[in-house]
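Let's take a walk through this structure together. Keep the sequence and the 3D view side by side as you read.

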Amino acid sequence: MPVELALGRYWPSVYHAMDFIAPRLPGIAAVATVHDLAFVHWPDDLEPDALAYYRQLGTSRNRTAAWITPSVWTADELAGIYGVDRSSIHVIPHGVSLNLHDVAPIPRIERGDYILAVGTVEPRKRYDLLLDAMAQGDVLPRLVIAGRVGWNSQSLERRLRSTDGVNWIADATDATLKRLYQQAIAVVVPSRAEGFGLPALEAMAVGTPVVSSGGGALPEVTGDAALTVEQATAEAWSSAIAQITTDRILWEELSTAGTTKARFFSWDRSAEATASVYRALRD
């Protein structure tokens with residue numbers, strides 16, 4: 001059912017479009033959340049229907065009164081690519097989910113024998129790069145990927161199912177994901193770019209070091225609390241994974257820095273900042 005009809009009974013003063021595109025709602029102030037603009041840079045990563053949907057951003061901007069992005073990087077891209085007035089864009093970072101702030105970090109010696117990647121299996125996540133990296137040496141730990149089936153990833157899915165030393169969990173529950181974060185040697189984020197990088201934040205909250213591509217907004221989330229891989233090559237990622245696995249001093253430094261950095265992110269603060277945007281539009 002179109003949004004216009006669904007809202008006919010409850011005509012609000014503010015409507016929040018959570019996924020980029022504000023509908024046509026005359027007389028209602030619309031705020032839209034834009035998570036990232038990856039579809040502009042890598043259109044081939046998406047299926048045609050999804051790409052067509054996101055490309056409506058160019059016209060929907062004319063009916064959007066305020067914008068929310070989870071990072072400065074996305075805000076700057078929205079202003080630069082679409083000409084959106086920067087003063088109408090509110091940067092509101094995500095918070096830590098799964099009650100991870102309440103979890104005491106597990107010492108390195110008590111952890112499992114795997115590294116963890118979290119996120120939908122789709123091209124932008126570059127899990128193929130991780131698989132190539134894992135094939136570089138016999139001393140690397142196992143790779144666990146927690147992420148649902150995505151799009152444009154059929155060949156990658158076959159590799160995930162057939163590669164030795166790789167465990168793909170496509171239906172991880174919150175409880176399973178929490179345990180995986182706590183027990184992992186490290187969380188790896190090889191994405192081309194992220195509009196925020198929630199898996200990195202969730203890993204840091206439980207003291208799990210992050211190995212990151214540094215793409216997009218990831219540096220805003222991790223700061224100095226991540227090992228950044230500058231080159232998108234199997235050799236570079238294999239070396240970084242080996243380093244975080246064997247260098248106990250580096251591991252402890254990143255673990256401590258991560259928990260400290262993660263304390264700055266709160267869903268309560270995110271909710272209050274979002275409510276402030278609503279109030280400003282309403283008033």
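Which element gives the most to the lining of the largest pocket? The model is a predicted one, and in it the answer is α9, with three residues. Helix α9 spans residues 198-205, and the other elements that give two or more residues to this lining are α2 (38-41), α3 (48-54) and α8 (174-183). In total, 32 residues line the largest pocket, and the space inside comes to about 870 Å³. If you would like to find its centre on screen, look for D36, E122, R124, K125 and E194, the lining residues that lie nearest to it. By class, the lining has 15 nonpolar, ten charged and seven polar residues.

From the pocket, let's turn to the sheet. Six strands form an open sheet with parallel pairing, in the order β7-β6-β5-β8-β9-β10. At the edges you will find β7 (166-169) and β10 (226-228), each of which pairs on one side only. Direction ignored, neighbouring strands here are turned by 25 degrees against each other on average. As a reminder, strands of a sheet pair through backbone hydrogen bonds, either parallel or antiparallel.

One pairing to zoom in on is that of β5 (residues 114-118) with β8 (residues 186-189), which runs in the parallel sense over two bridges. Here L116 has V187 of β8 as its bridge partner. Helix α6 (residues 127-134) lies across both of these strands as well as β6 (142-146) and β7, and it runs at about 165 degrees to β6.

Strands β5 and β8 also turn up in another feature: they are the elements that give two or more residues to the lining of the largest cavity. The structure holds one cavity of 30 Å³ or more, and the largest has a volume of about 70 Å³. Its lining includes A117, V118, V188 and V189, along with P190, S191 and P199. K125 and E194 are also among the cavity's lining residues, and you have met both already, close to the centre of the largest pocket as two of the residues that lie nearest it. The cavity lining divides into seven nonpolar, two charged and one polar residues.

Our last stop is a pair of helices. The axes of α11 (residues 234-246) and α12 (residues 248-262) come within 5 Å and cross at roughly 90 degrees, which makes α11 roughly perpendicular to α12. Where they touch, Q243, I244, T245 and T246 of α11 meet R248, L250, W251 and L254 of α12. By class, this contact has four nonpolar, three polar and one charged residues.

Note on methods. Residues numbered from 1 in each chain as written. Predicted model: local features only at pLDDT ≥ 70, side-chain atom pairs only at ≥ 80, totals over all residues. Heavy atoms only, no water. Axes fitted to C-alpha atoms, helices over the stretch in contact; angles between N-to-C directions. Helix = DSSP H or I, 4+ residues; strand = E, 2+ residues; numbered from the N terminus. Parallel < 35°, antiparallel > 145°, perpendicular 65-115°, else oblique. Contact = heavy atoms within 4.5 Å. Nonpolar A, V, L, I, M, F, W, Y, C, P; charged D, E, K, R; others polar. 1 Å grid on protein atoms, 1.4 Å probe; cavity = no way out; pocket = protein on both sides within 12 Å on 5 of 7 lines; lining within 4 Å. Points joined across faces, edges and corners; volume = space filled by probe spheres on them. Pairing = 2+ DSSP bridges.
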